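Let's take a tour of the spaces in this protein, both the ones that hold ligands and the open ones. Keep the structure in view while you read.

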Amino acid sequence: MNAPITRLTDSAQPRHDWTLEEVEALFELPFTELVFRAAEVHRRWFDPTELQLSQLLSVKTGGCPENCGYCSQSQHFKTATAASKLMDADTVIAAAREAKAGGAQRFCMGAAWRDVKDRDLPKVAAMISGVKALGLETCATLGMLTADQAKALKAAGLDYYNHNLDTGPDYYDKVVTTRTYQDRLDTLEAVRDAGMSTCCGGIVGMGETRRDRAGLLHQLAILPSHPESLPINDLMPIEGTPLGKSEPVDGLEFVRMIAVARLVCPKSMVRIAAGREHMSKELQSLCFLAGANSIFVGARLLTTNNPGRDNDDALLADLKMRPMGSRAAQPA
Ligand code: SAM
Ligand code: DTB
Ligand code: SF4
């Protein structure tokens, strides 16, 4: 018979003193026990029948000087993604209007940049304020930011800034070498200091170990405030990139990742980000049971496909779940 299960999480209150060993121990729990605990914590802070819906748009695609081994947009790799210039604000705002009509609550603008150039700031600010004026929550993911740039984006009406740590600190340089983990942490600090909410998570399926996955969630858990949004991406393998032939991660391991994210960052919106295209509705439902409460909607992510509105409408109807009302971010 198995040893009795030691209770590792006695409270659903956010904590910032997690040890890596504690996070690893959560991954090792029997699956049903882990999912049950995560579901309990989920209910403590959220209505588990509600899903937050975000929509992405790549406002500047390809030609990126960074060498992230998973990305279709790096200029270091030969992929099918064509590079294009920064879109006009009006084009972006029109896309956001359509996203809102399709049910999205948050609109996230992504640019294939290492960092933001001050010369591009006025155009980006115009996009942000135009999207905000539609009554959508605004999010952007533009690479590294200085403290002043973060303040300028906040002033333009930016609610969230996405900047992922992507994996655990020990595996990071196997995935990208053109920047450091500390560079990412510094931008996250600039975003928090400017008064914006953070969206920060990572990717599974890049050849990392379970310890690396725990390492990522541990880093998020010990941040001064937990990310308000915590996206977990299942790698979309891109032909031509170093990770283009990676083995898919087992579905149950993906659910474990979601459940542990819910337990260590109890008040965060935990998102099934990239990869739903390859997931059954049963696997997605297990993720929702394990504490995921956010998805990307729309037929495209940045450069890859997403299930699209009809599929997601059907999924929500099957599950009797509904879109979350727009709510104020709650830093933990
Ligand atoms: N250039 C900015 C940056 O790196 O922060 C913003 C855009 S970048 C595409 C945003 C995030 O998308 C990455 O940090 C990564 O987590 C995720 N991502 C990119 N390509 C992916 C892929 N092929 N599969 C899964 N997630 C991916
Ligand atoms: C996040 O964590 N995932 C999104 C968003 N934040 C920026 C991006 C997913 C990109 C998937 C690959 C692509 O479409 O290029
Ligand atoms: Fe550039 Fe972002 Fe892609 Fe890395 S993930 S290559 S920084 S667009």
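Here is a quick briefing on two ligand sites and two pockets.

Keep in mind that you are looking at a predicted model. The space taken by ligand 1 is the largest cavity, and its surroundings come up first below. After that come ligand 3 and then the pockets, the largest of which has a volume of about 470 Å³.

**Around ligand 1**

- Ligand 1 has 16 residues around it, and the closest are Thr141, Asn164, Asp166, Arg184 and Met236.
- Asn164 makes its link through the side chain: one of its polar atoms there lies 2.9 Å from an oxygen atom of ligand 1.
- Arg184 also uses its side chain, with an N or O atom 2.9 Å from an oxygen atom of ligand 1.
- Met236 works through its backbone instead, where an N or O atom sits 2.9 Å from a nitrogen atom of ligand 1.
- On its own, ligand 1 has 550 Å² of accessible area, and the protein covers 90% of that.
- Sort the shell around ligand 1 by class and you get nine nonpolar, five polar and two charged residues.

**Around ligand 3**

- The shell of ligand 3 is made up of Cys64, Glu66, Cys68, Tyr70, Cys71, Ser74, Ala112, Trp113 and Arg179.
- By class, that shell around ligand 3 splits into six nonpolar, one polar and two charged residues.
- The space that ligand 3 takes is the largest cavity.

**The largest pocket**

- What is the volume of the largest pocket? It comes to about 470 Å³.
- The largest pocket is lined by 27 residues, with Gln55, Ala99, Val297, Gly298 and Ala299 the closest to its centre.
- Three elements each give two or more residues to the lining of the largest pocket: β1 (50-60), α3 (89-101) and α11 (309-319).
- Which element gives the largest share of that lining? That would be β1, with six residues.
- The lining of the largest pocket is a mix of 14 nonpolar, seven polar and six charged residues.

**The second largest pocket**

- The second largest pocket has a volume of about 170 Å³.
- It has 14 lining residues, and Asp234, Leu235, Pro248, Val249 and His278 are the closest to its centre.
- Split by class, the lining of the second largest pocket has eight nonpolar, four polar and two charged residues.

Note on methods:
Residues numbered from 1 in each chain as written. Chains lettered and ligands numbered in written order. Predicted model: local features only at pLDDT ≥ 70, side-chain atom pairs only at ≥ 80, totals over all residues. Heavy atoms only, no water. Near = heavy atom within 4 Å. 1 Å grid on protein atoms, 1.4 Å probe; cavity = no way out; pocket = protein on both sides within 12 Å on 5 of 7 lines; lining within 4 Å. Sits in = over half its atoms within 2 Å of the grid points. Nonpolar A, V, L, I, M, F, W, Y, C, P; charged D, E, K, R; others polar. Polar contact = N/O pair within 3.5 Å; in protein donor to acceptor, adjacent residues only side chain to side chain. Areas by Shrake-Rupley, 256 points an atom, 1.4 Å probe, with all protein chains shown as cover. Points joined across faces, edges and corners; volume = space filled by probe spheres on them. Helix = DSSP H or I, 4+ residues; strand = E, 2+ residues; numbered from the N terminus.
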